[in-house]
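The following exercises are to be worked with the sequence and the coordinates at hand. Each task is followed by a stepwise solution.

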Amino acid sequence: MSFELREHTADVAVAADGKTLDATFGAVADGLAAAMCETIPDDGDRFSFAVQAENREALLYEYLADCIYQRDVRGVLPVENRVVVDRTDDGWQLDASARGVPLGTIDAREVKAVTYSEMRIERDDESWNAYVVFDV
Amino acid sequence: MDTYDADGITLERVEEYIWEIPQEGEMNTPARVLASEELLDQIADDKTLQQLKNSTQLPGVQQHAICMPDGHQGYGFPVGGVAGIDAEEGCISPGAVGFDINCGVRMMTTNLSYDDVQGHEEELVESLFANVPSGLGGGGVVESDVETVEEILDRGVEWALDEGHAVEDDLAHCEDEGRRPDADPAVVSQKAKDRGKNQIGSLGSGNHFLEVQRVTDVFREGVADSYGLSADQIVVLIHCGSRGLGHQVCTEYTREVEQAHPELLDQLPDKELAAAPAGSQLAEEYYGAMCAAINYAWVNRQLIMDRTRQVFERVFDRSWEEMEMNLLYDVAHNIAKKEDHEIDGEERELYVHRKGATRAFPAGHEEVPRAYRDVGQPVIIPGSMGAGSYVLRGGESSMETTFGSTAHGAGRTMSRTQAKDEFWGEDVQDELRGQKVYVKAQSGATVAEEAPGVYKDVDEVVRVSDELGIGDTVARTFPVCNIKG
């Protein structure tokens with residue numbers, strides 16, 4: 001699983017891939033953290049949260065939006081993001097955990113929000129690929 | 001040149017500085033770009049024109065969707081985009097307002113001259129940086145609870161007045177006197193309020209900043225006099241928005257609109273343009289929530305201005321009233337407002353979406369504050385740290401050309417990732433210091449991302465605005481001290 005920060009005139013984009021949807025979603029969230037902070041220390045406790053949505057794209061949007069919400073209300077940068085995605089009878093369920101690095105210990109810049117613009121989640125023979133634009 | 005070819009999109013010159021993308025395919029109207037050829041070369045360099053074309057597919061768009069001279073690629077709707085959409089038969093789109101609802105700028109004048117400040121720059125920038133919360137997790141000027149947030153959402157700057165963070169004169173010099181009456185705190189979620197309670201009075205980061213500036217040029221003496229501006233004067237410019245609360249409102253309503261109105265979404269080429277039909281319950285709820293976030297943003301800038309007054313009092317050892325630190329005006333950059341405009345000879349109510357664009361009403365318009373009604377609404381155009389900023393006034397042609405709008409800044413030309421490759425924060429700070437500009441930021445990366453070289457030529461943006469008569473140049477300012485998150 002890996003991610004790359006991609007160029008965007010005003011904002012920032014993350015391209016990520018992984019062997020599973022779980023790994024790919026987690027990699028996008030790690031890319032989101034990297035867009036906010038270059039040097040991430042080892043401290044911080046893990047925490048968990050969950051989101052639901054009606055389809056894959058909406059699930060990724062809800063997940064990343066919640067990463068940003070958790071950042072603001074917990075005062076931590078979510079890093080080392082782990083995700084389990086499940087199909088349910090009426091949609092999709094995502095259980096997430098992250099290590100929360102206290103914002104007071106890092107030099108970090110704000111990403112405002114996840115956007116749907118140009119969002120892609122695609123599967124090829126070997127991996128899942130995702131592309132997400134974030135508002136900075 | 002009568003046409004301009006931009007990677008599959010052809011623009012026709014309608015008149016000097018006005019280019020049109022003719023209506024075709026799924027477009028409901030034509031689209032227009034207001035630019036010189038120099039600016040159009042930059043605007044055509046990314047996906048701005050495609051995003052502008054896409055925005056004409058929003059139902060109820062009137063006349064044409066418009067890209068301002070500082071336009072650039074955004075998400076869904078371009079930055080620098082303006083669309084007047086029928087408020088009865090059209091729609092309202094959270095994405096076409098943007099996540100940072102009422103991101104905007106206010107300018108405070110002083111009676112200090114540049115001579116008064118020289119020698120104090122270092123102390124001033126350090127003290128502002130220490131006292132004005134910025135960056136990620138930096139807190140706010142006030143820590144509050146959800147009940148206080150709800151009062152702010154409802155009452156806007158009136159709340160700040162009651163709490164001793166504002167004076168009556170501040171309200172008189174703010175758009176809508178600092179309060180959107182259509183605000184409805186009940187339709188702002190608990191999550192949004194939770195994000196908002198610890199960020200009231202904070203800059204955030206990205207392109208947001210607080211800058212002490214000196215007036216370098218006055219172009220229209222009479223108007224400048226009405227605005228309280230004169231050459232060599234010190235002014236303060238504050239650029240920020242509705243923080244996490246506004247971001248959460250847009251995030252949630254984009255999803256709600258997507259789920260409630262899939263039939264409308266199916267007509268649109270970009271999911272980020274998701275829109276609620278005018279008259280629907282969701283359109284009303286989003287409008288109420290957005291207006292509440294507008295109030296929050298005005299309070300946010302008000303508290304930063306209040307804190308800035310206190311910093312000046314300590315640095316210059318006299319009261320802010322003695323220094324005549326008065327609000328000139330506060331303008332919103334990301335907003336949708338119900339406004340009456342003349343369409344085909346009839347007055348109609350529109351949701352005027354301005355995303356990275358500034359309202360620029362001319363002299364005589366009843367919504368211009370009384371203090372400026374004879375000369376036109378002040379428009380504040382922040383430039384980069386190395387190029388200075390402008391004060392304009394709403395131009396005579398703005399109502400017929402742009403639904404009463406003009407540009408909002410210089411407009412980026414370079415991505416943040418490329419900027420960090422090409423610039424080093426400390427080098428940028430050193431170079432600016434050579435121009436007597438003192439910069440302090442939470443991170444060197446922010447300084448690199450916001451280096452003067454990543455922006456369009458603000459002089460050219462403003463020149464086009466002036467030539468078109470949508471925003472007339474009044475004065476130019478240049479940075480003295482700048483803090484950012």
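**Exercise 1: a core residue**

Determine which residues Val28(A) touches, not counting residues up to four places away in sequence.

Solution. Contact requires C-beta atoms, placed from the backbone, within 7 Å. On this basis Val28(A) touches Phe3(A), Val14(A), Ala16(A), Leu60(A), Leu64(A), Ala130(A) and Val132(A). The model is predicted: local features need pLDDT of at least 70, side-chain atom pairs count only at pLDDT 80 or more, and totals for chains, interfaces and linings use all residues. Residues are numbered from 1 along each chain as its sequence is written, while chains are lettered from A and ligands numbered from 1 in the order in which they are written.

**Exercise 2: strand 17 of chain B**

Identify the strands that pair with strand 17 (residues 389-394) of chain B.

Solution. Strands (E, at least two residues) are DSSP runs numbered from the N terminus, and two of them pair if DSSP finds at least two bridges between them. Strand 16 (residues 378-381) of chain B runs antiparallel to strand 17, joined by four bridges; here Ile381(B) has Tyr390(B) as its bridge partner. Strand 20 (residues 471-484) of chain B is also antiparallel to strand 17, over six bridges, and Ser389(B) stands opposite Thr477(B).

**Exercise 3: the chain contact**

State how many residues each chain brings to the contact.

Solution. Chain B gives 37 residues and chain A gives 29 residues. On the chain B side, helix 10 (243-260; helices are H or I runs of at least four residues) supplies the largest share, seven residues.

Technical notes
Contact = placed C-beta atoms within 7 Å.
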